Amino acid sequence: DIRTKRDKPYMTEAQFEEAIKDLARKEYITGKRDEDAYKFLALRHGENVSPDRKGFYEKSMQKTGGKMNAACMFFDDNGFMSLAYHPAGKWIELSTEEEGERARQFTTIYTTEIKRLIKEYGPVKIGAIKHNLTLESIKGKTDIKPKGIGENIDFKI
């Protein structure tokens with residue numbers, strides 16, 4: 001997928017923030033990175049400020065009668081190169097400053113939530129707590145701890 005301008009945003013800003021935090025919570029709980037979910041959400045989040053790469057491509061194809069060189073670059077109306085095609089069959093998007101800032105916002109929301117969870121539950125509990133406990137903590141119930149943790153010690157000699 002290549003980021004391109006959407007007619008309307010995929011989600012509201014509040015929905016994006018909650019979805020990013022929820023992804024961070026799920027990954028914290030499982031202790032595993034969901035690359036597909038992360039990439040999908042980051043792509044959709046970035047599209048809010050993306051240039052119309054699809055439009056630039058279509059406009060270029062109209063000018064050339066649908067023919068494309070083996071290696072081709074696509075420019076917006078301001079002369080900014082926003083999309084390139086490599087002969088190996090790979091599309092390359094060249095990020096704008098706005099897209100870079102948007103990516104930083106996404107990463108900040110995500111890492112802030114991970115840090116909050118680590119501060120509240122500790123790194124040892126990654127993958128060992130239930131999702132509803134993290135949701136409860138967000139609602140201000142920070143005294144909730146996973147059942148059994150810190151209640152007793154089991155050991156064998």
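In which sense, left-handed or right-handed, does α2 pass α4? Keep that in mind; the tour reaches this pair after an overview and a stop at α1.

**Whole chain**

The model is predicted. Start with a cartoon view. The protein has 5 helices and 3 strands. Along the sequence they run α-α-α-β-β-β-α-α. Colour by burial next. Of the 157 residues in the protein, 30% are buried. Then turn on contacts between residues at least 6 apart in sequence: 59% of them join residues at least 24 apart.

**α1 against α2**

Select residues 13–30 for helix α1 and residues 35–46 for helix α2. The two pack at an angle of about 165°, with their axes 11 Å apart. α1 and α2 are therefore roughly antiparallel to each other; the cut-off for that label is over 145 degrees. The crossing of α1 past α2 is left-handed.

Show side chains. From α1, pick F16, A19, I20, L23 and E27. They meet A37, Y38, L41, R44 and H45 in α2. Sorted by class, this contact of α1 with α2 has 7 nonpolar, 1 polar and 2 charged residues.

**α2 on its own**

Hide α1 and stay on α2. This helix has 12 residues. From first C-alpha to last, α2 reaches 16 Å, close to the 16 Å expected at 1.5 Å a residue. Which residues of α2 are buried? Select Y38, L41, L43, R44, H45 and G46. These buried residues pack against α1 and α4.

**α2 against α4**

Add residues 97–121, helix α4. α2 and α4 pack at an angle of about 135°, with their axes 9 Å apart. The pair is therefore oblique. Now the opening question: α2 passes α4 in a right-handed crossing. On the α2 side, the contact is made by Y38, L41, A42, H45 and G46. On the α4 side, choose E99, R102, Q105, F106, T107 and Y110. By class, the contact of α2 with α4 has 5 nonpolar, 4 polar and 2 charged residues.

Y38, L41 and H45 deserve a second look. They meet α1, and they also take part in the contact with α4.

**Along α4**

Follow α4 from end to end. Its 25 residues should span 36 Å at 1.5 Å a residue, and the end C-alpha atoms are 36 Å apart, which agrees. Select the buried residues: E99, R102, F106, I109, Y110, E113, I114, L117 and Y121. Then step just past the helix. There G122 takes a positive phi of about 90°.

**N48, in the loop after α2**

Go to the loop between α2 and α3 (53–63) and click N48. Is N48 buried, partly exposed or exposed? At 28% relative accessibility, N48 counts as partly exposed. Leaving aside neighbours within four places in sequence, N48 touches P9, Y10, M11, E13, F16 and R102. Draw a C-alpha to C-alpha distance from N48 to E98: it reads 9.6 Å, across 50 residues of sequence.

**I2, before α1**

Finish in the segment before α1, at I2. Its relative accessible area is 29%, so I2 is partly exposed. Not counting residues up to four places away in sequence, I2 touches L43, E47, R53, L83, W91 and E93. L43 is among the buried residues of α2. For a last distance, pick I2 and K54. They are 52 residues apart in sequence, and 8.7 Å apart in space, C-alpha to C-alpha.

Conventions. Residues are numbered from 1 along each chain as its sequence is written. This is a predicted model: local features need pLDDT of at least 70, side-chain atom pairs count only at pLDDT 80 or more; totals for chains, interfaces and linings use all residues. Side-chain values use heavy atoms; hydrogens and water are left out. Axes are lines fitted to C-alpha atoms, for helices over the stretch in contact, and angles run from 0 to 180 degrees between N-to-C directions. Helices (H or I, at least four residues) and strands (E, at least two) are DSSP runs, numbered from the N terminus. Angles under 35 degrees count as roughly parallel, over 145 as roughly antiparallel, 65 to 115 as roughly perpendicular and the rest as oblique. A crossing is left-handed if the near helix is turned anticlockwise from the far one by less than a right angle, and right-handed if clockwise. Contact means heavy atoms within 4.5 Å. Ala, Val, Leu, Ile, Met, Phe, Trp, Tyr, Cys and Pro count as nonpolar, Asp, Glu, Lys and Arg as charged, and the others, Gly among them, as polar. The expected span of a helix is 1.5 Å times one less than its number of residues. Buried means under 20% relative accessible area, exposed over 50%, partly exposed in between (1.4 Å probe, protein chains only).
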